[in-house]
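Student: Could you take me through one part of this model in detail? I'd like a close look at the largest pocket, please.

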Amino acid sequence: MNSEKSTPITWVRNNQDKLVSLIQDLVRIPSVSGKEEEVQKAIFKKFTELDLEPKYVYPDIETLRKSDDFFETTSFTKFGYENRPNVVGILKGTGNGRSICLNGHVDVVSPEPVKHWSHDPWGGEKDGDFIYGRGAGDMKAGVASIILAIQALKETQTELKGDVYIETTIEEEDGGVGGCLYLRLTQPKTDAAIITEPTGNNIGIAGAGIMYFRVIVTGIPAHAATAHFGVNAIVKMVPIIEALKTLNKNRQEEISYKYAEVDPRMKGKATTLNIGVINAGDWPSTVPALCILECRIGFPPGETQEIVINQVEKTILDAANKDEWLKEHPPKVEWFGWKAKPHEQNPEHPFVKLLDNNLRKIAGIEPTYFGGAAGLDTRFFVHHDIPTVIIGPISEKTHSTDERVSISSTVTTTEVLIGTIMDWCKDEKN
Ligand SMILES: [Zn+2]
């Protein structure tokens, strides 16, 4: 051991094995949205070891319902909130400094189809610079980087003026309502926030509006031999699907958003209407009398939910009016699940500049600013006037088979987090 006092950043560089095993530990606890309790217990224990005064915060549905950002998530409908705590901790500053919140979600999406994986999705296997597993990149490595950053500050007895709040939340994959939104409604408001979703150490500054809708078309059942006595609901859905495809094409031509189109493959695709689920029919010899279509529409900052809802409903109504049966029996449209508003963080905000500077100074990275195609928990912070960015490691095959995260990029994220926390929380609140 050398006698020189190590800085938090050198501490992380010298303790990468701790970061690796923490990522592995977290990946090895399955935590598909709705089943977050076990992993939260492990994190609570870790927070206790680090003296972060951890608390479990269980969402209260009635408090949530009063929020403008509320919608009922599908995992709430399925599991409720009884066994689904968020965990919050605090690293106290010496006083009067600017505060920060570090946030990560612990839920993951299903690993199915598991048989297509070449690694165990819950194994946390390490191979070279990568750790494999469901949630390795999205976003257990990000959660581990937050914890290691705090541990580094503690181990080196680094003093900060401002408080650092640490949160691990539930159900981000499902809309984040009982997680990040609930904490915004119940926890102290900080002066800035970072979410460590995987960005390849680029800066995420925007999120998409996301909404789900369902179209229900009815027909008349009949035996296939006398199909002309019936009305086929699947066939009647076809012109509606065609109309929605045209709407999507027109919207993609009209709407652009530079931060969503940074990747050349995203050019002209800042908004998307996805035909996601279709349910109809149960027998080849029966004319189906019911067809249900479910879709997701995503849109970048610039449009409101009302504009999008009106466009979709008008498109469906216009298509229905061209068909005699549908004109008499109009399709029903229901909006369900995800109902997120888009958001954009001003990239010129001093907090964003400070993070940008740390990426250049510590990691030699010239960050790209991007966002606006996916729905993110950041919106809850930004809607509460908290400057917030996303920065995290390199994740590959996120939500797919053989998801993996780069260890070296997670080390970089941790170092940049430390630099940013130190710069931000050393200054007095003004
Ligand atoms: Zn995520």
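**The largest pocket**

Tutor: The largest pocket comes out at a volume of about 1300 Å³. This is a predicted model, where local features need pLDDT of at least 70 and side-chain atom pairs count only at pLDDT 80 or more, while totals for chains, interfaces and linings use all residues. Residues are numbered from 1 along each chain as its sequence is written, and side-chain values use heavy atoms, with hydrogens and water left out.

A pocket here is an open set of points on a 1 Å grid over the protein atoms alone, where a 1.4 Å probe fits, with protein on both sides within 12 Å along at least five of seven lines; lining residues have an atom within 4 Å of a point. For the volume, points are joined across faces, edges and corners, and the space filled by probe spheres set on them is taken.

So who's at the wall? Of the 50 lining residues, Asp138, Ala374, Gly375, Leu376 and His399 are closest to the centre. By type, the lining splits into 21 nonpolar, 17 polar and 12 charged (Ala, Val, Leu, Ile, Met, Phe, Trp, Tyr, Cys and Pro are nonpolar; Asp, Glu, Lys and Arg charged; the others, Gly among them, polar).

As for secondary structure (DSSP runs numbered from the N terminus: helices are H or I, at least four residues; strands are E, at least two), helix 5 (74-79) is among the elements that each supply at least two lining residues. Helix 5 in fact gives the most, with 4 residues. The others are strand 8 (203-207), strand 9 (209-218), strand 13, strand 14 (332-340) and strand 16 (369-371).
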